[in-house]
Amino acid sequence: MSGLLVGAIFGAVFILVNAQSPLSAPVALVLRVAACLAAAGVIAMWFMTARKERSAVRGEGAAGQEERPGNMFGRGYLIVVAAEVVLLFGGLRVMAALGAPAQANVGWVALVVGVHFIALAPVWKDWGIAVPGVVLTLLGAAGLVLAATGSALAWVPIISGVLSGVVLLSGSLTFGWRNVRASAL
């Protein structure tokens, strides 16, 4: 659930920052409120799951035979995140030096975050995480293409930012709900 929590927070941030014109003010407001509610829902599911897991471990007694999951934030994760940080900030600097429009930054962020998920799939041995990674990569690439052509520049934050946030939040909600239901059984 921790990975879903991180995905939900970043999904909400994508929407909160990028829900703007050319969307109408009421649509942007609805998207922002929905993003906050979705993130709050994932946070609530995270706490519910953590409480159940804590209770289950306590119920095991002093034998200490509980099964501990592997460290998903180990060396492989740290390498992927380090590469992501270098690509993210290095790429933003290169784009600024090349005079790319500011909207291109959203496309670059979505592309790098998408690639980050794809790279984490083999590290976490969870190929399901590659699916949102591919979608975010494509949304980021679409934004970069729009920014490079100058056409529909105002839509880049919507396509690469808001839609990426929707992907992250909907995935986090879906898999979070599955985890909560599975732990209830």
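**Packing of helices α4, α5 and α6**

In this predicted model, helices α4 and α5 are roughly antiparallel to each other, because the angle between them, about 155°, lies over the 145 degrees taken as the limit for that arrangement. By class, the contact of α4 with α5 comprises 15 nonpolar and five polar residues, with no charged residue taking part. On the side of α4, the residues involved include Trp108, Leu111, Val115, Phe117 and Ile118, and these belong to a set that meets residues of α5, among them Val134, Leu136, Thr137, Ala141 and Leu144. The axes of the two helices are 7 Å apart, and α4 passes α5 in a left-handed crossing.

Helix α4 itself covers residues 104–124, and its end C-alpha atoms are 30 Å apart, which agrees with the 30 Å that its 21 residues should span at 1.5 Å a residue. Just after this helix, Lys125 adopts a positive phi of about 55°, and helix α5 is formed by residues 130–149.

Helix α5 also packs against helix α6, which is made up of residues 156–184, with axes that come within 8 Å and cross at roughly 170°; α5 and α6 are therefore roughly antiparallel to each other as well. In this contact, α5 contributes residues including Pro132, Val135, Leu139 and Leu146, while α6 contributes, among others, Val156, Ile159, Leu163 and Val167. The residues of the contact of α5 with α6 divide into twelve nonpolar and four polar, again with no charged residue. Leu136, Gly140 and Ala147 of α5 are listed in the contact with α4 and also in the contact with α6.

Notes: Residues numbered from 1 in each chain as written. Predicted model: local features only at pLDDT ≥ 70, side-chain atom pairs only at ≥ 80, totals over all residues. Heavy atoms only, no water. Helix = DSSP H or I, 4+ residues; strand = E, 2+ residues; numbered from the N terminus. Expected span 1.5 Å × (residues − 1). Axes fitted to C-alpha atoms, helices over the stretch in contact; angles between N-to-C directions. Parallel < 35°, antiparallel > 145°, perpendicular 65-115°, else oblique. Left-handed = near helix turned anticlockwise from the far one by under 90°. Contact = heavy atoms within 4.5 Å. Nonpolar A, V, L, I, M, F, W, Y, C, P; charged D, E, K, R; others polar.
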